Amino acid sequence: MKYGLYDRPPVGTSILSALQWMIVAVSSSVAVPLMIGDVYGLQADEMSHLMQQTMFFIGLASLLQVWIGHRYPMLEGPAGLWWGIFIILAQLGASAGLQPREIGQSFQLGMALAGLLFIGFGMLGWIGKLQRWFTPLVSGTYMILLAISLCSNILTGMLGIGFQHSKEVQPGVALVSVGIVALVVWIMRTKRFSSFAVLFGMVGGWVLYAVLGWTEPVRPADQLISWPSFFFWGTPRWDWGVVLTSMLTGFVLLTNLVTSMVVMGKATNTVPTDSQYNRGGVFTGVSHLLSGVSGVVGMIPLSLAAAVIQTTRMASRLPFMLAMVGMMLIGLLPTVAHFLAALPTPVAYAAMFISYTQLLGFGLKDYVTVKMDDRAITVGGSSLLIGIGVMFVPAAAWQKLPALVSFLFGNGLLLGVIVCLLLEHVVFRKPTDSQTQKDGHADIIPFE
């Protein structure tokens, strides 16, 4: 390691490192508001505003974490689980007759409540204890069902359906999408530039679209500086289904927080303390509150930062803090937001395709760690079949049921995970052998 967490590199090195962190932050987050805007039917002005909000609050949340939170140079970025849920619920809401903005208004409240969950658990020191609920079977089921739920939107976007109002597959767009995916995979296999594979994929695809005349002109900004606003989607509204989904997602992301900090500890040659875990939990809650108040996709610490540190051998907090201040400045400049919002959505989908596959990969990795005996097969198989099966049931089939029941049974992701939790911890609960020495003998307690 060239520079440790508390080292201060020379000015020139710090500036270059800060620029690199900014590039990583932008490349890992620019596609998310574009995809959300595409699915929710946002206008160009609205998409630019959402992009601006996202950049500003990524910088603010990350700065708070590295300053007084877990104190690692680890990006807070849009959580894959959150924007996945955003996309899925847009489909469910549309079939139930809800307007996209109504879903967004409910999500603002859901993310804020999830933030309070993080803050409470962090202050009480419960983060490590609650992980026990999300065994590899439960978390694996969640990841697999999420990936399956998203695959339709991903491929639809890559094939050009919906791009420039097209209702059919566009062969040229589809062919370019395959080329972008191939470029990202090739760059990922080069150690030197692997951290920027998604960025290069986006830039390369954008340039090719411009050459082919498929891009829209960048809209001029009406003002030089624009301050972030609150409640992008409108006044928050209560929706039981969205709130339940948000709380469940918050529980799953508790595990993500801990694993990200473990990975960062290894990358920086440090061991995270209990205090760091709890502070990280509190300020992940703060970032969720910021997400709910601003209307952007919920943010969590991204373990991508560990890969950047391992590649550059620079863990210093100073360049990272400078970069996050830079991200906040970008978020104040509508001109930059308009430029980024002009990125064609099929390019964003294609460049992020491998990232989507990681969601499925994480789920499969969790399953691999489980001994596949009759119990595990019954729990995992039943949960996946129920969750996937519900995804194929027309949403209109649930409309005569009460709203909460309709949402629960119409959401294959949520229902599948709830079934898995019940089977894992109630119906087929594993007996825990706890041996204590007493008078030289071991007392075996079959259940806790």
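This section describes the overall fold content, the empty spaces and selected buried residues of a predicted model.

The secondary structure of the protein chain consists of 19 helices and four strands. Of the 448 residues in the protein chain, 52% are buried. Contacts between residues at least 6 apart in sequence were also examined, and 83% of them join residues at least 24 apart. The accessible surface of the protein chain amounts to about 20500 Å², with carbon and sulfur atoms supplying 67% of that area.

Empty space in the model was considered next. In general, rolling a probe the size of a water molecule over the atoms shows where empty space is left. One cavity of 30 Å³ or more was counted, and the largest cavity has a volume of about 30 Å³. Its lining is formed by Pro33, Ile36, Leu50, Thr54, Phe86, Trp233, Gly295, Val296 and Val297. Helices H2 and H3 each contribute at least two residues to the lining of this largest cavity. By class, seven of the residues lining the largest cavity are nonpolar and two are polar, with no charged residue present.

The second largest pocket has a volume of about 840 Å³. It is lined by 29 residues, of which Asp38, Leu42, Met47, Glu216 and Thr345 are the closest to its centre. At least two lining residues of the second largest pocket come from each of helix H2 (31–39), helix H3 (44–68), helix H7 (136–158), helix H14 (334–341) and helix H15 (345–351). The lining of the second largest pocket divides into 13 nonpolar, 13 polar and three charged residues. Helices H2 and H3 therefore each supply at least two residues to the lining of this pocket and at least two to that of the largest cavity.

Helix H9 comprises 16 residues (197–212), for which a rise of 1.5 Å a residue predicts a span of 22 Å; the C-alpha atoms at its ends are 22 Å apart, in agreement with this expectation. The buried residues of H9 include Ala197, Val198, Leu199, Gly201, Met202, Gly205, Trp206 and Tyr209. After H9 comes Gly213, with a positive phi near 75 degrees.

The loop between H9 and helix H10 (240–267) contains Ser226. Ser226 counts as buried because its relative accessibility is 15%, below the 20% limit. Beyond its neighbours within four places in sequence, Ser226 contacts Gln52, Gly331, Leu332 and Pro334. Gln52 is located in helix H3 and is likewise buried, with a relative accessible area of 5%. When residues up to four places away in sequence are not counted, Gln52 touches Ser226, Trp227, Gly331, Leu332, Pro334 and Ala337. Gly331, Leu332 and Pro334 thus appear among the contacts of Ser226 and among those of Gln52.

A further buried position is Gly298, in the loop between helix H11 (274–294) and strand S2 (299–301). The relative accessibility of Gly298 is 0%, so this residue counts as buried. Gly298 and Thr284 are separated by 14 residues in sequence, and their C-alpha atoms are 9.5 Å apart in space. Residues up to four places away in sequence being left out, Gly298 touches Gly77, Pro78, Ala79, Trp82, Met111 and Ser291.

Conventions
Residues numbered from 1 in each chain as written. Predicted model: local features only at pLDDT ≥ 70, side-chain atom pairs only at ≥ 80, totals over all residues. Heavy atoms only, no water. 1 Å grid on protein atoms, 1.4 Å probe; cavity = no way out; pocket = protein on both sides within 12 Å on 5 of 7 lines; lining within 4 Å. Points joined across faces, edges and corners; volume = space filled by probe spheres on them. Nonpolar A, V, L, I, M, F, W, Y, C, P; charged D, E, K, R; others polar. Expected span 1.5 Å × (residues − 1). Buried < 20%, exposed > 50% of the residue type's maximum accessible area, 1.4 Å probe, protein only. Contact = heavy atoms within 4.5 Å. Areas by Shrake-Rupley, 256 points an atom, 1.4 Å probe, with all protein chains shown as cover.
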